[in-house]
There are 2 protein chains.
Amino acid sequence: MNIPVEPSQNPPLEHDHKKCVSEALDTAEQLCVVRGVQLTPIRHQVLELIWASHKAVKAYELLDRIKPQMDAAKPATIYRALDFLIEQGLIHRVESLNAFVGCNCSAHQHEQLLLICNNCQDVEERSAPKVMQALALEIKQADFIVHSKAIEIQGVCAKCTKTISDQS
Amino acid sequence: MNIPVEPSQNPPLEHDHKKCVSEALDTAEQLCVVRGVQLTPIRHQVLELIWASHKAVKAYELLDRIKPQMDAAKPATIYRALDFLIEQGLIHRVESLNAFVGCNCSAHQHEQLLLICNNCQDVEERSAPKVMQALALEIKQADFIVHSKAIEIQGVCAKCTKTISDQS
DNA sequence: ATGATGAGTGTTATAATATAACACTCACTT
DNA sequence: AAGTGAGTGTTATATTATAACACTCATCAT
Ligand SMILES: [Zn+2]
Ligand SMILES: [Zn+2]
Ligand SMILES: [Zn+2]
Ligand SMILES: [Zn+2]
């Protein structure tokens with residue numbers, strides 16, 4: 001039996017992040033057009049701020065960062081934009097951090113494995129098909145109907161492990 | 001190849017909950033003695049309150065519930081007890097709910113799959129060895145060092161599905 | 001054109017969750 | 001007797017998130 005190989009969705013250790021951003025924003029714009037939903041200026045701006053890095057970002061950090069450009073911004077401004085972006089699968093909420101991170105697979109199916117680095121705060125998203133398959137089976141055996149999944153691993157990423165071991 | 005079968009850790013649909021509670025408290029007391037840590041009256045009481053059901057409980061709900069017996073209780077009282085109980089593996093923090101639930105496998109390894117019912121709020125803990133195995137492999141492939149795992153599935157449990165379909 | 005509707009936003013207030021900081025007790029050690 | 005560390009009491013505050021209501025503007029049916 002052939003399990004289809006998924007394209008790797010891990011950002012390489014060193015990478016052209018401008019490309020990450022422009023791809024994410026392009027994809028978001030296209031998806032919103034196709035779906036007939038509005039990626040308004042506020043929503044676009046919040047998405048862009050989230051994509052400033054691969055780190056998970058807090059809502060109030062976003063609020064602080066958007067204020068220079070939007071003096072009137074209030075918590076509701078941010079939370080509404082976040083709600084929209086999550087609904088559209090353009091970002092993930094990182095439950096174990098109360099924070100948010102851009103989704104690099106927004107065009108495809110969702111609910112991925114998140115590897116969260118406690119050292120550099122980067123979040124790596126992996127589709128982990130074997131895990132998802134085993135999980136689906138386990139859930140079926142429990143007669144459980146799924147609404148949403150959060151699979152979050154905290155620890156130290158490969159890049160940080162390397163950096164730390166280089167120092168010593 | 002034989003994968004050892006783990007004892008089922010799912011509370012049966014109808015069950016003797018007093019037994020759940022007394023087993024949990026007995027185990028906790030024994031573990032704390034063995035480990036040389038103190039299950040003080042406050043900690044014991046909080047653990048007991050959490051075990052009042054299989055539902056995830058909020059910290060401030062615990063605070064309200066402990067006040068009749070402990071008028072002086074403050075947020076810190078609860079959060080300190082929760083920190084201790086989590087450290088000792090006697091409860092789990094449910095990240096996606098900011099809530100807490102008793103652990104029914106505190107004597108064994110940790111970080112299990114949590115099935116969280118959005119209808120009745122019950123949390124079922126499953127060891128899901130196949131999932132954990134696939135997950136370990138995936139994490140190894142990513143060169144990631146694990147500190148902690150949160151695997152949380154929200155949806156509707158078997159019991160609620162049955163109840164709802166019986167009504168219609 | 002008029003009024004109804006719905007999505008998005010502005011604004012104020014407040015709820016819910018969590019931690020910091022410092023003082024005090026008490027058991028145990030030196 | 002002084003020193004130490006764990007646990008707790010207490011006050012204050014930080015952080016995260018939502019409720020509620022008003023306003024705008026585009027769309028649509030009458
Ligand atoms: Zn990037
Ligand atoms: Zn890292
Ligand atoms: Zn029970
Ligand atoms: Zn249920």
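The following exercises, with worked solutions, concern a predicted model of protein chains with DNA strands.

**Exercise 1.** Determine which residues are closest to DNA strand D and which of its parts they meet.

*Solution.*
Step 1. DNA strand D is surrounded by 16 residues, and the closest are Lys58(A), Tyr60(A), Arg93(A), Thr40(B) and Arg80(B).
Step 2. Two of these residues approach the phosphate. A polar side-chain atom of Lys58(A) is 2.8 Å from a phosphate oxygen of DNA strand D, and a polar side-chain atom of Thr40(B) is 2.7 Å from a phosphate oxygen of this strand.
Step 3. Arg80(B) approaches a base: an N or O atom in its side chain lies 2.6 Å from a base oxygen of DNA strand D.
Step 4. Among the atoms of DNA strand D within 4 Å of the protein, 46% are sugar or phosphate atoms, and the rest are base atoms.

**Exercise 2.** Establish which element gives the most residues to the surface near DNA strand D, and how that surface divides by class.

*Solution.*
Step 1. The element that gives the most is α4(A), with 3 residues.
Step 2. The surface near DNA strand D comprises 7 nonpolar, 3 polar and 6 charged residues.

**Exercise 3.** Describe the surroundings of DNA strand C.

*Solution.*
Step 1. The 16 residues around DNA strand C include Thr40(A), Arg80(A), Lys58(B), Tyr60(B) and Arg93(B), which are the closest.
Step 2. Of the atoms of DNA strand C that come within 4 Å of the protein, 46% belong to sugar and phosphate.
Step 3. Side-chain N or O atoms mark the individual contacts. For Thr40(A), such an atom is 2.8 Å from a phosphate oxygen of DNA strand C; for Arg80(B), one is 3.3 Å from a base nitrogen of DNA strand C.
Step 4. α4(B) gives the most to the surface near DNA strand C, namely 3 residues.

**Exercise 4.** Decide whether α2(B) and α4(B) are roughly parallel or roughly perpendicular to each other.

*Solution.*
Step 1. The axes of α2(B) and α4(B) come within 9 Å and cross at roughly 80 degrees.
Step 2. Angles from 65 to 115 degrees count as roughly perpendicular.
Step 3. The two helices, α2(B) and α4(B), are therefore roughly perpendicular to each other.
Step 4. In their contact, residues of α2(B) including Ile42(B), Val46(B) and Leu47(B) meet residues of α4(B), among them Ile78(B), Leu82(B) and Phe84(B). By class, the residues of this contact are 9 nonpolar, 1 polar and 1 charged.

Note on methods:
Residues are numbered from 1 along each chain as its sequence is written. Chains are lettered from A and ligands numbered from 1 in the order in which they are written. This is a predicted model: local features need pLDDT of at least 70, side-chain atom pairs count only at pLDDT 80 or more; totals for chains, interfaces and linings use all residues. Side-chain values use heavy atoms; hydrogens and water are left out. A residue is near a molecule or strand if one of its heavy atoms lies within 4 Å of it. A polar contact is a pair of N or O atoms within 3.5 Å; within protein, one must be able to donate a hydrogen and the other to accept it, and residues adjacent in sequence count only if both atoms are side-chain atoms. Helices (H or I, at least four residues) and strands (E, at least two) are DSSP runs, numbered from the N terminus. Ala, Val, Leu, Ile, Met, Phe, Trp, Tyr, Cys and Pro count as nonpolar, Asp, Glu, Lys and Arg as charged, and the others, Gly among them, as polar. Axes are lines fitted to C-alpha atoms, for helices over the stretch in contact, and angles run from 0 to 180 degrees between N-to-C directions. Angles under 35 degrees count as roughly parallel, over 145 as roughly antiparallel, 65 to 115 as roughly perpendicular and the rest as oblique. Contact means heavy atoms within 4.5 Å.
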